[in-house]
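Colleague: I would like to learn how to read strands, sheets, burial and cavities from a set of coordinates. Could you take me through an example?

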Amino acid sequence: MSTNEQLVQDIVKEVLAKLQMTSKIGVGRGIFSDMETAILEAKKAQKKVAGLSMDQREKIISIIRRKTLENAEILARMAVEETGMGNVGHKILKHQLVAEKTPGTEDITTTAWSGDRGLTLVEMGPFGVIGSITPCTNPSETVICNTIGMFAGGNTVVFCPHPAAIKTSFYAINLVNEASLEGGGPDNIACAVTVPTMETSNQMMQHPDIQLIAATGGPGVVTAVLKSGRRGIGAGAGNPPVLVDETANIKKAAEDIINGCTFDNNIPCVTEKEVLAVESIAEELLYYMISEQGCYKLSEEEQKALIGVVLKDGQLNRDCVGRDAKVLADMVGIRVPDNTRCLIFEGDEKHPLIEEEMMMPVLGIVRCKDFEDALEKAVYLEHGYRHSAHIHSKDVDRITKYAKALDTAILVKNGPSYTGLGFGSEGFCTFTIASRTGEGLTSPRTFTKERRCIMLDSLCIR
């Protein structure tokens, strides 16, 4: 272990020890022993948040941003150590992205009409206390991103973190509450319970003080939210295909695809999960992936061995999710170079490691006769999730046809998938992409409701 790594681990231990000594319950601000209390405290805090000016809210958000940047490495290392998933360097970048590009109060706007019959305003008002279910794949990123957006809209939030990422989630919740206090706001703008379970999640979803629920996770979680009787914002599953046709810059496509596919070991929901390559360029694409991008191509026997480890009784082996390519190869008994970034293989659209989302640096390549064949297979593999899709092509008509056929919340053209999150591209960042319920990329305005205010026959001075 290097001196720097040891130093960071010592800092993490010191901070956690401090939290345990200073917190009433041992895990930080905003964490309570039961859901009823967590919601009650969040409700009290929301009344104070609603009284803050937009400038005061923005001041607190700026402190959240600063604290996120200051703690980016600690949060990244905590997440990898606690969940066993992902890449520390990439997680640091994700926290920087959340801190710098998550929208704040500037997203909360007012529309006005004035005329002979007076003045009408439509303003964005808070829901109150929002419930949020967060994943283990992006635990602290989702907590911080959601808190900024929900708080900007005048809300507070009760989180139900994934049990596999409790410490990391609690650290992030503590961070945003400390930021609020430092900025002159209330404590408990974000809350959770000490032991999150399905029971506490159900209690949160059925509570009369929770009128909006944002769920970031698998299809089961989102389905439960939609059955709760509350308004739900659901970020469900994805299986993003990437199509490469003969007009593309093949060398750049190989680089972009592998950079995107291996980002944080493929656990972001937007990352490339399978490649549809037109036959005429498939060999060239494979050449660049192997010779220049650190990919190892699996033989048929090695594929079978990998399937046996990655899938157990037809179900995804969670111990494989978000692992390094070298670690996965070692688990299977395949010898690969230490610098291997991604395990690639060829198969058809029915291949078990292609047909469903894997969330690991394992990438299947499907050879297709032409663009139309690739498009048809891409639509099949995306499964109508309408989450994310990618394409490498210089033919604008084909790109347009692909975009209309896939109809996804995110479509990246001629770039790595992470640009769809705002990393290295224009636009804002979000870690709750509501594909299932149709909102798409969420921002502060997503967590507000429109209110119309009318002054009849007055305040028009034209």
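**Reading the model**

Colleague: In strand 17, which side chains point to which face, and which are buried?

Modeller: The side chains alternate along strand 17: Ile410 and Val412 face one way and are buried, while Leu411 and Lys413 point to the other face and are not. Buried stands for under 20% relative accessible area, exposed for over 50%, and partly exposed for what lies in between, using a 1.4 Å probe and protein chains only. Strands (E, at least two residues) and helices (H or I, at least four) are DSSP runs, numbered from the N terminus.

Colleague: And what should I know about the coordinates themselves?

Modeller: This is a predicted model, in which local features need pLDDT of at least 70 and side-chain atom pairs count only at pLDDT 80 or more, while totals for chains, interfaces and linings use all residues. Residues are numbered from 1 along each chain as its sequence is written, and side-chain values use heavy atoms, with hydrogens and water left out.

Colleague: What is the strand order in the sheet of 7 strands?

Modeller: The general idea first: strands of a sheet pair through backbone hydrogen bonds, either parallel or antiparallel. Two strands count as paired if DSSP finds at least two bridges between them. Here the order is 11-14-15-10-9-16-17, an open sheet with parallel pairing. Strand 11 (295-297) and strand 17 (410-413) are the edges; each has a single partner strand, so one side of each lacks a neighbour in the sheet. From one strand to the next, the twist averages 25°.

Colleague: How many bridges join the edge strands to their partners?

Modeller: Strand 11 pairs with strand 14 (residues 342-346) in the parallel sense over 3 bridges, and cysteine 295 has cysteine 342 as its bridge partner in strand 14. At the other edge, 4 bridges join the parallel strands 16 and 17. There, isoleucine 391 has lysine 413 of strand 17 as its bridge partner. Helix 16 (residues 396-406) lies across strand 9 (241-244), strand 16 (388-392) and strand 17, at about 165° to strand 16. Such angles run from 0 to 180 degrees between N-to-C directions, with axes fitted to C-alpha atoms, for helices over the stretch in contact; contact requires heavy atoms within 4.5 Å.

Colleague: Just before strand 11 comes a loop with glycine 294. Is glycine 294 buried or partly exposed?

Modeller: Glycine 294, in the loop between helix 11 (279-292) and strand 11, counts as partly exposed at 24% relative accessibility. Leaving aside neighbours within four places in sequence, glycine 294 is in contact with Met289, Asn339, Thr340, Arg341 and Cys342. Its C-alpha lies 9.7 Å from that of aspartate 338, which is 44 residues away in sequence.

Colleague: What is the order of the sheet of 6 strands?

Modeller: That open sheet reads 1-6-5-4-7-8, again with parallel pairing. Strand 1 (31-32) and strand 8 (231-235) are at the edges, each with a single partner strand, so each has one side without a neighbour in the sheet. Helix 2 (residues 35-50) packs on the sheet and touches strands 1, 4, 5 (156-160), 6 (190-193) and 7; its direction makes about 155° with that of strand 5. Strand 4 (residues 129-133) pairs with strand 7 (residues 210-216) over 5 bridges, with isoleucine 130 opposite leucine 212. Strands 4 and 5 are likewise joined in parallel by 5 bridges, and isoleucine 133 stands opposite cysteine 160.

Colleague: How many residues of strand 5 are buried?

Modeller: 5 of the 5 are buried, so strand 5 is largely enclosed by the rest of the structure. Thr156, Val158 and Cys160 lie on one side, Val157 and Phe159 on the other. Threonine 134, in the loop between strand 4 and helix 6 (139-152), is buried too, at 3% relative accessible area. Its contacts beyond four places in sequence include Phe159 and Cys160.

Colleague: Where is empty space left, and which residues line the largest cavity?

Modeller: Rolling a probe the size of a water molecule over the atoms shows where empty space is left. A cavity is a set of points on a 1 Å grid over the protein atoms alone where a 1.4 Å probe fits but cannot get out, and lining residues have an atom within 4 Å of a point. There are 3 cavities of 30 Å³ or more. The largest holds about 50 Å³, the volume being the space filled by probe spheres set on points joined across faces, edges and corners. Its lining consists of Thr102, Pro103, Cys145, Asn146, Gly149, Cys429, Thr430, Thr442, Ser443, Pro444 and Phe447. These divide into 5 nonpolar, 6 polar and no charged (Ala, Val, Leu, Ile, Met, Phe, Trp, Tyr, Cys and Pro count as nonpolar, Asp, Glu, Lys and Arg as charged, and the others, Gly among them, as polar).

Terms used:
On a 1 Å grid over the protein atoms alone, a cavity is a set of points where a 1.4 Å probe fits but cannot get out, and a pocket is an open set with protein on both sides within 12 Å along at least five of seven lines; lining residues have an atom within 4 Å of a point.
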